[in-house]
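Reader: I'm new to this structure and would like a close look at one part of it. Could you pick out the salt bridges and walk me through the places around them?

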Amino acid sequence: MMIVATFIFQLIGSLGFLLYGMKMMSDGIQKSAGESLHRILGFMTGNRILSVLTGLFITMIIQSSSATTVMVVSFVNAGLLTLQQSVGVIFGANIGTTITAWIVSFFGFKFNISAFAVPLFGLGFILTSIKKIRKESIGEALMGFGLLFLGLDLLSSIMPTVNADNMTFLSSLTNRGELSIAIGIFAGLAITILIHSSSAATAIILTMSYNGLLPWEFAAAMVLGSNIGTTIDAVIASIGTKVNARRAALVHVLFNVAGTVIAVICFKPLLALVDILVPGPIQDSMTTHIAMLHTVFNVSNTIIFLPFTRQIARLTEQIIKPKQNETPDTYKLEFPQTGQKEHAAAAVVRAEKEIADMTTVATRMFQRIRESFRERNPADIMAGKEALAADESYADQMQEELSKYLVHCKDLPLTENQSNNISQMLRIVDELESMTDDCYSVGLLLNRSVEKKMSFAPEDLERLDPYIDLVNRFLEFIRSNINRHLSTEQLEEARTLEDQIDLFRKNLKKVARKRLESGADVKSELLYIDLVRHLEKIGDRAFSISEALYLTK
């Protein structure tokens, strides 16, 4: 028992040095080159090859594919990278992480690590201590390198104490054919999830293999499993982010899982290829075999999947839908490159569907405003500002893309009615975008009233309730009839709603002016009048849309 306990504590201590060294090294490099790395990612182009090279380059520098993918998720969340650009970067990050296995393979077992690990740590400590030279980040990276190699040295030194007698359970796991491969994949997956680093997991696998504890096939299976386990950090980083950031994390998961499945199907040929690339007996070059396997696996996956970056991005869009009331990051509407007459009607139908979606965005924004008036909770009003801003920005993108799409539609061989309808659709798109601007303006006014701690009489706010309900009724009328031809009776119903809204506005503004004349707070009353005016403008937009729908055929 004493021997076992000693081994366990030595193992934990060695892993502690290894993991903390990798973290310190990665953090130090990111601090010293972080801004440059962020700029590289921020200016990423749509070229898939360049995306892969960028992911490869950054991961080789910071020695952590998890750090790169977490960075990618955050950049996608901030809108600095598109989903399609992130696919290539993630592919490159998987290749870049293989450099750690080569470093450990070449230097971890062929030299007296402690002979330069300790001096390296000392040099790093000196750099972090002398503040005047401003090389603390480089010093931290050197200390991390020192701890990493010291951890490897300690880990390697305790492995020979483990022999076949006290590790009999391993032989029972590694001699079961295809079941052993599955067990190895699961073991690599579990270790990587536990320590949150595929590089560290690979270093552990290399050390155990070097000391004869793992046979070649089982070690290879563990490497494949570690590639799945490394996706955990991207998944965790995507929790609570925007929809495209969650999709970027899914790209990492799909890529590594699909690649592992292919590798398992071609397991024997894959190992044979590695044997060809690494000459000599396996037992004499086990660590080189594992490093080569890691590289071949990730390079092969990238070659297989790189031509399909667009399709992979679309697949994630199908799997992960925006949450209820969540606005996607960007809006794109591609025009079908065809001029055939039978496709003209289909193009118009597509535009009608997008207009219906834009109407939903506008009505959703108004519902947020309506809830703010109804609940009158300052915290909710302040929190809703970001959601309104996201919706308003998305509506701007919709207007631009839809307008370009509809202009393209005019070049198709259309009937006279179809051409007239497209003109009205352009008008509707403009009015919907203006409506979202008005909704956002109302939201800003509400925020200002909270920030400036303006007070309104309860009866004044109550007078707004039927006015807001009337505007909401008009919006629901538009939403239920969008893309339909309005009859004369329906147009008269819309005109009646607009007249009622105008009458409400006049009465509310008259009351506000009387309060101003009686000495009420000027800022509060002027803001109240602005709220009434913007709400009335939403009604004007709704009536203009009604007229456009009436003119469609």
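What follows is a walk through the salt bridges, the helices that carry them, and a few other spots along the chain.

Author: Sure, let's do it. Keep in mind that this is a predicted model, so every value here is computed from predicted positions.

Let's start with the count: there are 15 salt bridges. One of them joins the side chains of Arg364 and Asp391, with 2.8 Å from N to O. Arg364 sits in helix α17, residues 344-375, while Asp391 belongs to helix α18, residues 378-409, so this contact ties together parts that are 27 residues apart in sequence. Now, are these two partners buried or exposed? Arg364 has a relative accessible area of 17%, so it is buried. Asp391 is buried as well, because its relative accessibility is 0%.

Stay with helix α17 for a moment, since Arg370 is also found there. The side chain of Arg370 meets that of Asp469 in a salt bridge, at 3.0 Å from N to O. Asp469 lies in helix α20, residues 458-481, and the two residues are 99 apart, so to speak, which makes this a link between distant parts of the chain. Arg370 is buried, with a relative accessible area of 17%. Asp469 comes out at 35% relative accessibility, so it counts as partly exposed. So here a buried arginine is paired with a partly exposed aspartate.

Helix α20 gives us a handy way to move on. Between α20 and α21 there is a loop, and Asn483 lies in it. What stands out about its backbone is the phi angle: for Asn483 it is near 70°, a positive value in a residue other than glycine. With 28% relative accessibility, Asn483 counts as partly exposed.

What about the two helices on either side of that loop? A pair of packed helices is described by the angle between their axes and by the distance between those axes. For α20 and α21, the angle is about 160° and the axes are 10 Å apart. That makes α20 roughly antiparallel to α21, and the crossing of these two helices is left-handed.

Helix α21, residues 488-517, has a salt bridge of its own, and here the partners sit within one helix. Arg495 pairs with Glu492, and their closest N and O atoms are 3.6 Å apart. Because these two are three residues apart in the helix, about one helical turn separates them. Both ends can be reached from outside to some degree: Arg495 is partly exposed at 31% relative accessibility, and Glu492 is partly exposed with a relative accessible area of 40%.

Salt bridges can also join up into a network, and there is one here made by Glu431, Asp438, Lys537 and Arg541.

For another helix pair, go back along the chain to α4, residues 83-96, and α16, residues 309-319. These two pack at an angle of about 115°, and their axes are 9 Å apart. They are therefore roughly perpendicular to each other. The crossing of α4 and α16 is right-handed, whereas that of α20 and α21 is left-handed.

Now for a couple of residue pairs that are separated along the chain. Val251, in helix α13 (residues 243-265), is 163 residues from Gly88 in sequence, yet their C-alpha atoms are 9.8 Å apart in space. Val251 is buried, because its relative accessible area is 1%. Likewise, Leu189 and Ile232 are 43 residues apart in sequence, with 9.8 Å between their C-alpha atoms. Leu189 is part of helix α9, residues 178-195. With a relative accessible area of 23%, Leu189 is partly exposed.

Last stop: the surface. Ile8, Phe9 and Ile12 make a nonpolar patch there of about 330 Å². Phe9 is in helix α1, which covers residues 2-42. Its relative accessibility is 63%, so Phe9 counts as exposed.

To pull the salt-bridge story together: helix α17 is tied to α18 through Arg364 and Asp391, and to α20 through Arg370 and Asp469, while the Arg495 and Glu492 pair stays inside α21.

How values were computed: Residues numbered from 1 in each chain as written. Predicted model: local features only at pLDDT ≥ 70, side-chain atom pairs only at ≥ 80, totals over all residues. Heavy atoms only, no water. Patch = residues over 30% accessible without salt bridge, like charges linked within 9 Å, V, L, I, M, F, W, Y side chains within 5 Å. Areas by Shrake-Rupley, 256 points an atom, 1.4 Å probe, with all protein chains shown as cover. Salt bridge = Lys/Arg side-chain N within 4 Å of Asp/Glu carboxyl O. Helix = DSSP H or I, 4+ residues; strand = E, 2+ residues; numbered from the N terminus. Buried < 20%, exposed > 50% of the residue type's maximum accessible area, 1.4 Å probe, protein only. Axes fitted to C-alpha atoms, helices over the stretch in contact; angles between N-to-C directions. Parallel < 35°, antiparallel > 145°, perpendicular 65-115°, else oblique. Left-handed = near helix turned anticlockwise from the far one by under 90°.
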